[in-house]
Amino acid sequence: MLLRFESLKKIGDIYINPRNFKIMPLFLRDWRDLLFLDEKTYGIYAKTIYNPKERFLIKSEKDEQKAFKLVELYNELLKNPTKLCHKEYYEYQLKVKQFEGLPFANGWVGSKVVLVGEAPGRKGCGYTGICFYRDASGMLLRKALFSLGINPDFVYITNVVKCNPPENKLKGFDERELSLLKKELEILRPKTIFALGRTAEKALKRSGFDAIYLRHPAWYVRRGLREPSEEMLEEYEVIRKSLNITK
């Protein structure tokens, strides 16, 4: 479950996980080159450093301590999924996934920033196990962050609901999901939490966490966006500022 920073390889301006590639690309200069890597040739996880067996990036001993606690939490989900997730969500998740285990979260555990979405998507996290990855809203989020000078693999990303609701239609959440999210965030203790969408905002508020609301990338996708607009970049600029990244 742990991904050690020293195991990554830097090519051009980006980091890759060599174990995610079926065939190594001839060259990579920046994140835009990742978009041209097809799943059939390079592997489904070639556009991110994560995979279901390597979810938590660690850079230090302090990170490692956090990561072990997150692994324990994840194992708690695996051991008794319907205690922490709606039964209908869990049963549907089992039908759509193409990986071992269940969706949970991924990212650098030492990140100052945590992004909280609503739930895994059928063609995205529900399918791959990696949050905001592969489907339209996930790739739009990643493009927006890269455009702002933020590598999405170096922030921590999770969801309120860990299992994909039937047909991507979230009917709600309760203390099952909130108890897991609360434990997760208490382990991470980030500087800033961003709620992607109203569902995440509501869940975080009920759990006692302050969060900055941002429109969910799906909001932009429903309006026809596949590339980040100036409006979206202006809205998401606050993430860059929270990381103290200069353009």
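F56, Y74, F104 and Y156 form one aromatic cluster. The model is predicted. Across the whole structure, a search finds 9 aromatic pairs.

One of these joins F5 and F154. Their ring centres are 6.2 Å apart and their planes meet at 75°, so the pair is edge-to-face. F5 sits in the loop between strand 1 (2–4) and strand 2 (9–11), while F154 sits in the loop between helix 7 and strand 7 (156–159). The contact therefore ties together parts that are 149 residues apart in sequence. Burial was examined for both partners. F5 has 26% relative accessibility and counts as partly exposed. F154, at 14%, counts as buried.

Within the cluster, F56 and F104 make an edge-to-face pair. The distance is 6.2 Å centre to centre, with 90° between the planes. F56 belongs to strand 4 (residues 56–58). F104 lies in the loop between helix 5 (87–96) and strand 5 (105–108), so this pair ties together parts that are 48 residues apart in sequence. F56 is buried, with a relative accessible area of 0%. F104 is buried too, at 1% relative accessibility.

Two charged side chains sit over aromatic rings. K59 lies over the face of W108, 4.1 Å from the ring centre. R134 places its charged end over the ring of Y127, at 4.3 Å from the centre of that ring.

Empty space inside the model was also examined. The count comes to 2 cavities of 30 Å³ or more. The largest holds about 70 Å³ of space. Its lining consists of W31, L34, L35, K47, M139, R142, K143 and F146. By class, these residues divide into 5 nonpolar and 3 charged, with no polar member. Helix 1 (31–34) and helix 7 (136–147) each supply at least two residues of this lining. Helix 7 gives the most, with 4 residues.

The second largest cavity has a volume of about 50 Å³. Y15, I16, L34, A46, K47, T48, I49, F146, N151 and D153 line this cavity. Here the division is 6 nonpolar, 2 polar and 2 charged. L34, K47 and F146 appear in the lining of the largest cavity and also in that of the second largest.

Technical notes:
Residues numbered from 1 in each chain as written. Predicted model: local features only at pLDDT ≥ 70, side-chain atom pairs only at ≥ 80, totals over all residues. Heavy atoms only, no water. 1 Å grid on protein atoms, 1.4 Å probe; cavity = no way out; pocket = protein on both sides within 12 Å on 5 of 7 lines; lining within 4 Å. Points joined across faces, edges and corners; volume = space filled by probe spheres on them. Nonpolar A, V, L, I, M, F, W, Y, C, P; charged D, E, K, R; others polar. Phe/Tyr/Trp six-rings, centres within 6.5 Å; stacked < 30°, edge-to-face > 60°. Buried < 20%, exposed > 50% of the residue type's maximum accessible area, 1.4 Å probe, protein only. Lys NZ or Arg CZ within 6 Å of the ring centre and 35° of its normal.
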